[in-house]
Amino acid sequence: MRRLKNKKIKSIIFQIFFIFVGLIIAFPIIYSVSASFMKATDIVGLNPRIIPKSFTLKNYKEVLESTNIIRQVFNSLLITVMACALRLLVAALAAFGFSFYEFPFKKLFFYLTICTMLIPGEATLLTNYETVSKMHMVNTYAGSIIMFIGSGTSVFIIRQYFLTLPKSLHEAAVIDGCSDFRFFCTIVMPLSKPVLSAAAINGFVQIWNQYIWPKLMATRTEMFTVQVGLAQLNSTQGSSYGVILAAAVIALLPTLLFFIFFQKQIAGGMVAGSIKE
Amino acid sequence: MKKKIKINPYIYILLSMLCLITFIYYPAIKTMIKSLYLVNAQNRPVKFIGLENYIKLFSDPEFINSIKVTFTYALVVVPCTLLISLILALFSSRKRKMSVVYELLYAVPMAVSVSVACVVFSILLNGNLGLINHVFHLNVQWFTDKNVTLIALMFIGIWLDIGMNYLFMLSAVRGVPAELLEAAEIDGAGILQKVKSIIAPLISPTVFYLFCVDMGAALMMSGPVIILTNGGPSGATNTMIYYMYKKGFYIFNYGLSYAAAVIAFIIGFIAVLIAFVWERKGVKYS
C-alpha cells in the first residue's frame, strides 16, 4: 500500500518537473503573449518583467492603427488558403494517377516527384525569382501562391493512403459505368478525408510561416504577408517593443491555434511524410 | 484483349509534374548552367567561361568565411537539437495523466515561424536591457558583438527545430517494446543503462535520419540572417545561402551567386540524399 502511494507521489513530482521543463521550452511563446500586454518600459528596461504589471491593450490598438497589419493578415490568409487548396487538389489528382493506373514511365514520373524532396529550395531562389518576374507576377498573390502548389511530399503521403483503398472499389465503379473522374470525386476523395485533412493542416502551418519567398514577391507594404510585415516592423528604427510583440502574436495566433487543436494530425502527417513504408 | 495506351493517367499527374518541373527541376538545372557563364548585371548570360565563376568564388575570402560560418552553425545546432529533443522524448515516453500538456509544450515551437521567433528572441536578447541579460545578470551585446551573434542565431535555430525533432524522437522512443525495458528493469538496469543499451540502438535509424534532415536544413540557413543580422557584424553570420542571396539580390553579381547556389545545393543535396537512402534501409530494424 505504502509503496504504491510512494510511486504515485513520485509520478506526480515527475509530471510537475516535466511541465516545468515544458514551460521553459514554450517560454518565448508565453512571454510574447504576456509582454504584448505590457508597457514598453516593462519589456526592455531596468526591470524587465515576465508578467505584466498593468494590463494594457495599447500595443494592439497601435499596431492596428499605425501599420498595415490587417491587410497583411488578409494577404497571408488568402495566399495560404489558396495555395493550400490548390496544393491538395493537384497532389490528390497526381496521387490518383499514380495509385489507380499503370502506364509507361510511371516509375520515372513517380521518382521525379519524390526526388523533389532532395532539392533545397533556397538554392533555386534566384532563378525562380527570375521565372516569376518574367511572368509579371511580382507583387501579385499569384506569384506567392504558385511557388507553393507543387509538393512531392503531399503527393507521396496521399498516394500512400490511396494505395490502402480496396482495388475492388475501382472495378465495381467501372462496371457500374462510373467514369474515372467521377469515381475520384465521389468515392476516393470522400474516403480520404483523414489524409487530406492532415495534409491540409500541415500545408497551412507551413505556408503561413513562409518568409523568404513572400518577401521576394512583395515590394509594397500592402502586398506583404504578415510574416514579412513583422520582420519589417522589427527592423524599423523606433518601433516600440510592445507593438512589435503585439504584431508577433497576431502573426503567431492562427498557427498556434491550429497546432493546439490539431496536434495529432500534424504529428501523424509529418512522420508519414518521411518516406516510411 | 488489346490494351491501348490511356492518356487519362497523364492528365491526372500533369499539373503536379508541371509545377514540380517548372519550380524545382528547371531552376536547379538553369542555375547550374548559368553558373558556367559570364552573366551581366541584367542577369543575361554573355559568354561561356567554364569554371571561372567557381575559381573566383573560392578565391573570395567572404565565401570561404561563409562556408566556415555555415558549418560552425550546423555542427552546433544539429547535435544540440538532437540531444535536447531526445531528452524531451525520454521524459515523455511513458504516457501519464498530464503528458498531453507537456507533449504539447515540447512540440509547440513547431507552430512558430522563423520571423516570429527571430522577433521575439531579438527582444529577449536585447543587448542593453533585455530579459535574458537581466535574469542571468549578463551584459552581452547579442547582436552587435561579432563573437556572440552566431551563438544567438544558434539559439534561435535550435529552438525552432526542437518541436519537429521531438515528435520524431517521441514516436521512435515509444516504438521501443515495453517488454525489453521491463526485462532490463528486472535485471536492475538504471535509466542511463537502459538508454545506452536498449533505447539507443533501437532508435538510431530515426536519429540518423533526423541528423541528415537537420543538417540539410541547417546548411541552408538564411532566414534569421536576412531578418536580423544581414550577415554581420563583420561577416560573423554570413552563411552560404545569405552570400548567394546578397550577391544575387543586392549586388547583382549573378555569376558568383549562381556558383554559390550550386555549391550550397551540392552540399545540402548530399546531406539529404544520405538521409533518404538511409531511411529506406534503416526502417527495417528488427
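How are helix 15 of chain A and helix 5 of chain B oriented to each other? Let's take a look, keeping in mind that this is a predicted model.

## Two helices across the interface

Start with the axes: those of helix 15 (residues 241–261) of chain A and helix 5 (residues 114–124) of chain B come within 10 Å and cross at roughly 150 degrees. Angles over 145 degrees count as roughly antiparallel, so helix 15 of chain A and helix 5 of chain B are roughly antiparallel to each other. The crossing of helix 15 of chain A with helix 5 of chain B is left-handed.

Who does the touching? On the chain A side, helix 15 brings Tyr241(A), Ile244(A), Leu245(A), Ala248(A), Ala251(A) and Leu252(A), while helix 5 of chain B answers with Val116(B), Val119(B), Val120(B) and Ile123(B). Sort the residues of this contact by class and you get 10 nonpolar, no polar and no charged.

## The wider interface

Zooming out, 75 residues of chain A are in contact with 80 residues of chain B. Helix 15 of chain A turns up again here, giving the largest share of chain A's side, 10 residues. That side of chain A breaks down into 51 nonpolar, 20 polar and 4 charged residues.

## A quick tour of chain B

Chain B has 12 helices and 2 strands, and along the sequence they run α-β-β-α-α-α-α-α-α-α-α-α-α-α. Its C-alpha trace spans about 80 × 75 × 30 Å along the principal axes.

Of the 286 residues in chain B, 49% are buried. Look at contacts in chain B with a separation of 6 or more, and 68% of them link residues 24 or more positions apart.

Methods. Residues numbered from 1 in each chain as written. Chains lettered and ligands numbered in written order. Predicted model: local features only at pLDDT ≥ 70, side-chain atom pairs only at ≥ 80, totals over all residues. Axes fitted to C-alpha atoms, helices over the stretch in contact; angles between N-to-C directions. Helix = DSSP H or I, 4+ residues; strand = E, 2+ residues; numbered from the N terminus. Parallel < 35°, antiparallel > 145°, perpendicular 65-115°, else oblique. Left-handed = near helix turned anticlockwise from the far one by under 90°. Contact = placed C-beta atoms within 7 Å. Nonpolar A, V, L, I, M, F, W, Y, C, P; charged D, E, K, R; others polar. Buried ≥ 20, exposed ≤ 12 C-beta atoms within 10 Å, placed from the backbone.
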